[in-house]
Amino acid sequence: MAIDEQRLMEFLFKFVGDVGATMAAGGVVIGDRLGLYHALAERPALPDELAERTGTAPRYIEEWLRGQAAGGYVEYDAASGRYSLTEEQAYALTDPDGPVLGGFQLALGALKAEPEITQAFRTGEGIGWHRHDADVFAGCERFFRFGYTAHLVNDWLPALDGMESRLRAGIRVADIGCGHGASTTLMARAFPESAFVGWDYHRDSVERARKQAGDLGLHDRVDFRVAGAQTFDDGPYGLVTTFDALHDMGDPLGAARRVREQLADDGTWMIVEPAAGSSVSENLNPVGRAYYAFSAFLCVPNALSQDGGYSMGAQAGEEPVRLVTTEAGFSRFRRVAQTPFNIVYEARP
């Protein structure tokens, strides 16, 4: 076999970069949990100074800072020996609602299931969402919350035909697969005349969502209940939402039919899904790479653990979603909004 030495070295350098990025995930999570980024954002520091500020061990901090600087996550001044954060780094690495910290937490949590996922590759069995590490649930909320905060109320809901005015007047809303309730509470805070019910089959997530809603003073207008997408009830609803959840389901058609049953005749189903093209080739990019990786560890195993026979995956694209809604009895379907990370669809009876 003839090997092109230049192409081999290019691949090896890519490998080195990926190994460094993989290990950097742990460093970012440590920096978040120990408050290292917050302390460094206040002012530049020598390793000993940062360790003193954060109550940590200097030798560990020294090595952590060097690795962070090598990866471009902090800045290093060779003349003074001090480390610092640019305004952009500080914004990304100290915002608890930003996608960076949540994304790394989600990735580390997902990787903890590697032995089970490897076995599932051999057998084809599924692994339910509830079986993952707690960092998966918390990291997932943090990862997606940034996009929801930026776009849900300002862009996505107004893009639905007549929905913003109806929410302001007051309707009932069901948020299916709500997780920790970030999407539910965002909508509830923006539309105080409407009532919201968040549904999720994962009891621990529902309990966390209830607590967060209570902390926000929303307990009188927001309820969280345990049920799957195929069994939620208490309709009719003027709006049903699913946020980055439909592709995780083993029976999305059953879920779509249930939504149709629980939806008012003039209601709307808003479906938010990961951004994806219509072919594998269109998804061979950094966003697609991240979604495919998460999908292999989380989305496909979860779908295969359920009845239904589907496993769309996080890069399914528009057509499978359209087909599911059509088969479920929806007569109108359109794409209404898009970001680099999400596509928003509207389905109506």
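**Notes on the predicted chain**

1. Contacts across the sequence. Take the contacts in the chain between residues at least 6 apart in sequence: 69% of them join residues at least 24 apart. Keep in mind that this is a predicted model.

2. Overall build. The chain holds 14 helices and nine strands. Its radius of gyration is 22 Å, which agrees with the value near 20 Å for a compact globule of 349 residues. The C-alpha trace spans about 70 × 60 × 30 Å along its principal axes.

3. Burial and surface. Of the 349 residues, 48% count as buried. The accessible surface of the chain is about 16,900 Å². Carbon and sulfur atoms account for 54% of that surface.

4. The nonpolar patch. A nonpolar patch of about 1,200 Å² lies on the surface. Its makers are M1, I3, L8, M9, F11, L12, F13, F15, V16, V19 and M23. One of them, V19, sits in helix α1, residues 5-33. V19 has 38% relative accessibility, so it counts as partly exposed; the buried class ends under 20% and the exposed class starts over 50%.

5. Helix α12. How much of this helix is covered? Helix α12 runs over residues 252-262, and eight of its eleven residues are buried. The buried ones are P252, L253, G254, A255, A256, R258, V259 and Q262. Their cover includes strand β6 (237-243), strand β7 (263-274) and helix α14 (318-327).

6. Aromatic pairs. The structure has 13 aromatic pairs. In one of them, the ring centres of F143 and F294 are 6.3 Å apart and the planes meet at 50°, so this pair is tilted. The pair links distant parts of the chain. F143 belongs to helix α8 (residues 134-159) and F294 to helix α13 (residues 286-304), 151 residues apart. F294 is buried, because its relative accessible area is 17% and the buried class covers values under 20%.

7. A second tilted pair. W269 and F330 also form an aromatic pair. Their centres are 5.5 Å apart, with 40° between the planes. W269 lies in strand β7, while F330 lies in the loop between α14 and β8 (332-338), so the pair ties together parts 61 residues apart in sequence. Both W269 and F330 are buried.

8. The aromatic cluster. Which residues form one aromatic cluster? They are F143, F144, Y148, W156, F243 and F294.

9. The loop between β5 and β6. Two backbone details deserve a look here. The peptide bond from G235 to P236 is cis, with omega near 5°. P236 lies in the loop between β5 (222-226) and β6. D234 is in the loop between β5 and β6 too. Phi of D234 is near 75°, a positive value in a residue other than glycine. D234 counts as partly exposed because its relative accessibility is 35%.

10. The loop between β6 and α12. D244 is found in this loop. Its phi is near 50°, again positive in a residue other than glycine. Is D244 buried or exposed? D244 is buried, because its relative accessible area is 8%.

Conventions
Residues numbered from 1 in each chain as written. Predicted model: local features only at pLDDT ≥ 70, side-chain atom pairs only at ≥ 80, totals over all residues. Heavy atoms only, no water. Patch = residues over 30% accessible without salt bridge, like charges linked within 9 Å, V, L, I, M, F, W, Y side chains within 5 Å. Areas by Shrake-Rupley, 256 points an atom, 1.4 Å probe, with all protein chains shown as cover. Salt bridge = Lys/Arg side-chain N within 4 Å of Asp/Glu carboxyl O. Helix = DSSP H or I, 4+ residues; strand = E, 2+ residues; numbered from the N terminus. Buried < 20%, exposed > 50% of the residue type's maximum accessible area, 1.4 Å probe, protein only. Contact = heavy atoms within 4.5 Å. Phe/Tyr/Trp six-rings, centres within 6.5 Å; stacked < 30°, edge-to-face > 60°. Rg over C-alpha atoms; globule rule 2.2 N^0.38 Å.
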